Amino acid sequence: MGEEIAILLTVHSRREKTLSCLDQCFLQGDALQSEGKYRVSVYMVDDGSTDGTSEAVRERYPSVHIIKGDGTLFWNQGMRLAWSEAAKEDPSFYLWINDDTLLRDGALASLMETSQFLRHRAIVAGTCEDAQGNLSYGGRTKSGKIVRPDPDIPEPCYTFNGNLVLVPRIVYNSLGNLEPFYHHTFGDYDYGVRAAAKDIIRVVAPGVLATCNRNPGVEKWRDASLPLKVRFRSLESPTGRPTREQFFFDLRDRGFFWAIGHGASVLFKMLFPRKSSSGGGKTQSQAEQ
C-alpha cells in the first residue's frame, strides 16, 4: 500500500476551488499509489461553509475526513484541528495545502522525491506562481523575500507560506502541531521559525509546483480611504495583524527589541497609512493566504 501522506486543508465557502484542489490531490495521489510508493488520505476542516462545500466533497470524494468548524477557526486553528485528527493515524507525512492552490503535473511526486533526497528529515515547501507567472508563495528568507526555486535542486529557506508544505513524521514528532496562540496569520511562518530553532532543515523543492494568485489590494488596516476606527478594527481582527499575536511572533523570531520596534512600525502604518485601495490581506482562511 505504501506510506501514507495525510493531506491537510481548511476551507470556507469556496466549493469549486476546493473541488479543483482535491481533484489534483487525488489524481496525483493515485499516480503515486499505482507505483506502490505512497497513498494519500485527506483531512479537511470545513469552517462554517454555507455554499455546500462539505456536501459536494462528500459526494465526489467520500473517503475525505470532513471535520466541521463553526466559522471562527480561520486558517491556523482550522489546520491545527485537521492535523490533530490526522495525527491519530500516525501517517508518514503531512501535506499542507490551501484550497486555492492548484497542483501542477508531478508536483506531489517532486515534493516526495525532494523529501527522500533529504532522508525524510526536512520540511519541503512548494513554490506557487500567480496567473501572470509571478512567484506568489513558497519558501521565504529571514527578511521575508520569496525564494526563487532552482529548476533541479532544493534551495534552502528560512520559513515558508503555508500554501504547499510537506512535513515528514520525524519533524512532526519534534515540533508538534501549529502554535495554538494564533488564529489565522503567523502560524506557517512561526512553524519555520520553530524548525530553525531546532536546526531542522527547511528547503524549497525544485521548480514551480502550483498556481495560486495573491490576494489583491491593500490590507484594510493600511487603507487610507477608511476611517481610523475601521482600520484599527481590521488590524486587530483574526485576518489582520493582531498586535498580541504580532508581538508573540516577533519575540520568538528575533527577540524583544525587534518585537517592540516592529510593533511600533505596524501601529504607525495603521495610524498614518499612505496607501488607498479596497480589499486585500488574508481573508477567512489561509486557504486564501
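Here are a few questions and answers about this predicted model.

Q: What is the mean pLDDT of the protein?
A: Let's start with confidence, which varies along the chain. Over residues 278-289 the pLDDT stays under 50. Across the protein, 94% of residues reach 70 or more, and the mean pLDDT is 93.

Q: Which helix gives the most residues to the largest nonpolar core?
A: The largest nonpolar core holds 38 residues, and Ile5, Ile7, Leu95, Ile97, Leu111 and Leu164 have the most contacts inside it. With 6 residues, the top contributor is the helix spanning residues 15-34, H1.

Q: Is Glu4, which pairs with Arg39, buried or exposed?
A: Glu4 and Arg39 form a side-chain salt bridge, at 3.8 Å from N to O. Glu4 sits in strand S1 and Arg39 in strand S2, so the pair ties together parts that are 35 residues apart in sequence. Arg39 is partly exposed at 28% relative accessibility. Buried means under 20%, so Glu4, at 10%, counts as buried.

Q: Which residue meets Arg104 in a salt bridge?
A: Arg104 lies in the loop between strand S5 and helix H4, and its partner is in strand S6, 25 residues apart. Arg104 is partly exposed, with a relative accessible area of 29%. The partner is buried at 17%. The two side chains meet at 3.1 Å, N to O, and that partner is Glu129.

Q: Which helix gives the largest share of the nonpolar surface patch?
A: Leu228, Leu267, Phe268, Leu271 and Phe272 make a nonpolar patch of about 470 Å². Phe272 is found in the segment after H9. The largest share, 3 residues, comes from residues 256-271, helix H9.

Methods:
Residues numbered from 1 in each chain as written. Predicted model: local features only at pLDDT ≥ 70, side-chain atom pairs only at ≥ 80, totals over all residues. Heavy atoms only, no water. Core = buried A, V, L, I, M, F, W, Y, C linked by side-chain atoms within 4.5 Å. Buried < 20%, exposed > 50% of the residue type's maximum accessible area, 1.4 Å probe, protein only. Helix = DSSP H or I, 4+ residues; strand = E, 2+ residues; numbered from the N terminus. pLDDT = per-residue confidence, 0-100. Contact = heavy atoms within 4.5 Å. Patch = residues over 30% accessible without salt bridge, like charges linked within 9 Å, V, L, I, M, F, W, Y side chains within 5 Å. Areas by Shrake-Rupley, 256 points an atom, 1.4 Å probe, with all protein chains shown as cover. Salt bridge = Lys/Arg side-chain N within 4 Å of Asp/Glu carboxyl O.
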